[in-house]
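This report describes one protein chain for a reader at the bench. Please keep the sequence and the structure in view while reading.

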Amino acid sequence: MFKTDIKSKTNEDISILVKPDNHSWSYLCECGEASGLTVKEIQNCNAIFISHTHIDHFVNFDNIIRHQIGLQRTVTICGPKNIAKQIQHRILGYSWNLIEENSIRYLIKEMTSDNEINVYELKPPLWELKSISIESSNVLIKEDKFQVTGVLLDHKLPTLSYLFQEYPQTKIQLNQDLKGGIWVKELKQAFNSKELDKQIIVGTNIYKAKELFHLLHVQEGDSVGIIMDHGATPDNHTKIKKHFSLTNKVFIESFYQNKDIEFAKINFHSYAKESGNIMKMAKVKDAIPVHFSRKYNEEDITILISEFMDAYTN
Ligand SMILES: [Zn+2]
Ligand SMILES: [Zn+2]
């Protein structure tokens, strides 16, 4: 399961924290100014995702690095084309003559197309960008129990949207006659590698693996999507539908009310009805509109959210 927490108030820039169950680290999504984000949470981040570098998504980066200096470990930063250079330039705006070399190491994963990730290393004191590898993949983070994949959307510049996805797990239903033991692990391995006739010893009995497969079932993993700024265009919607289909929970930008469709078009943003509708089309189970224009007051935002829900639930 993923625990998600919006760290920004409605009138602040967007920032969302994702915390997987039984996992040491958190994952910070977007670096907008968010008063709810604590120093401890910043220091516990394993990776930071930045959809694009418009100021409302990147402004808090200095604060984040301020609290990560001295962690003496690697933190991954994922973003679209040019993110590596832009992070380097932000950092080079400060003086670093007193910093120790091992105080932090950033691994930057720059998604340049839907199937290419350029990986760079950036570390003090010189903060020179060192190219590490180019990967033909859309997998940004790979952990024991989950992975994060990216897909690029168009917001008059590329924006990175991303999906946290737990791997499916093979579970067993034991009964009174069959008590747990080392055989459970062996049976699951046989099931996953389709070794139907593998010998499984349970107490004094010997079975073929396939005779016990009826005890097993596959449990789908949890999933969380983050879709930031994008135009409500057919191309973007095709990609959203493909990548986020049947996702458990998705946070999606819904920058404008329906009446402000002209602003949405000019600024390559989505708006309430289109964001709600694409979530319905993608059969997302729990869609949450976020990231509203600052020109709206609380009442306007209530209207915006109800316009979103109308499109999503009808
Ligand atoms: Zn933007
Ligand atoms: Zn934005």
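The text below goes from the whole chain to its cores, a strand, a helix pair and some backbone details.

## Basis

This is a predicted model, in which local features need pLDDT of at least 70 and side-chain atom pairs count only at pLDDT 80 or more, while totals for chains, interfaces and linings use all residues. Residues are numbered from 1 along each chain as its sequence is written, and chains are lettered from A and ligands numbered from 1 in the order in which they are written.

## The chain as a whole

The chain has nine helices and 18 strands; helices (H or I, at least four residues) and strands (E, at least two) are DSSP runs, numbered from the N terminus. A box of roughly 70 × 55 × 35 Å, taken along the principal axes, holds the C-alpha atoms of the chain. Of the 314 residues, 38% are buried. Here a residue is buried if 20 or more other C-beta atoms lie within 10 Å of its own, exposed if 12 or fewer, and partly exposed in between, with C-beta atoms placed from the backbone.

Among contacts with a separation of 6 or more, 57% join residues 24 or more positions apart. Two residues are in contact if their C-beta atoms, placed from the backbone, lie within 7 Å.

The chain is divided into domain 1 (1-139) and domain 2 (169-218), with bounds that come from an automatic or database domain assignment. The centres of domain 1 and domain 2, taken over C-alpha atoms, are separated by 43 Å.

## Nonpolar cores

A nonpolar core is a set of buried Ala, Val, Leu, Ile, Met, Phe, Trp, Tyr and Cys residues joined through C-beta atoms within 7 Å. The largest such core has 66 residues, of which I48, F49, I77, I226, V250 and M279 touch the most other members. Strand β10 (residues 146-154) gives the most to this core, with five residues. A second, separate core has seven residues, including W183, L187, F191 and I200.

Which residues does I226 contact, leaving aside its neighbours within four places in sequence? They are I16, C29, F49, S161, Y162 and F251.

F191, one of the residues in the second core, has its C-alpha atom 6.9 Å from that of F213, 22 residues apart in sequence. F213 lies in the loop between β14 (205-208) and β15 (216-219) and counts as partly exposed because it has 14 C-beta neighbours inside 10 Å.

## Two residues of strand β10

L153 is in strand β10, and so is T149. L153 is buried because 26 other C-beta atoms lie within 10 Å. Not counting residues up to four places away in sequence, L153 touches T159, S161, H230, N236 and K239. Its C-alpha atom is 15 Å from that of H57, 96 residues apart along the chain.

T149 has 19 other C-beta atoms within 10 Å and is therefore partly exposed. Leaving aside neighbours within four places in sequence, T149 is in contact with N138, V139, L140, Y162, L163 and Q165. T149 and K19 are 130 residues apart in sequence, and their C-alpha atoms are 16 Å apart.

## Helices α8 and α9

The axes of helix α8 (residues 272-281) and helix α9 (residues 298-313) come within 7 Å and cross at roughly 35°. Axes are lines fitted to C-alpha atoms, for helices over the stretch in contact, and angles run from 0 to 180 degrees between N-to-C directions.

From α8, the residues A272, K273, S275, G276, N277, M279 and K280 meet L304, E307, F308, M309, D310, A311 and Y312 in α9. The residues of this contact divide into seven nonpolar, three polar and four charged. In this count Ala, Val, Leu, Ile, Met, Phe, Trp, Tyr, Cys and Pro are nonpolar, Asp, Glu, Lys and Arg are charged, and the others, Gly among them, are polar.

## Backbone details in loops

The table lists two residues other than glycine with a positive phi.

| Residue | Phi | Loop | C-beta atoms within 10 Å |
|---|---|---|---|
| N22 | near 50° | between β2 (16-20) and β3 (26-29) | 7 other, exposed |
| K156 | near 65° | between β10 and β11 (158-166) | 13 other, partly exposed |

A cis peptide bond joins P124 and P125, with omega about 5°. P125 is in the loop between β7 (116-122) and β8 (130-135).
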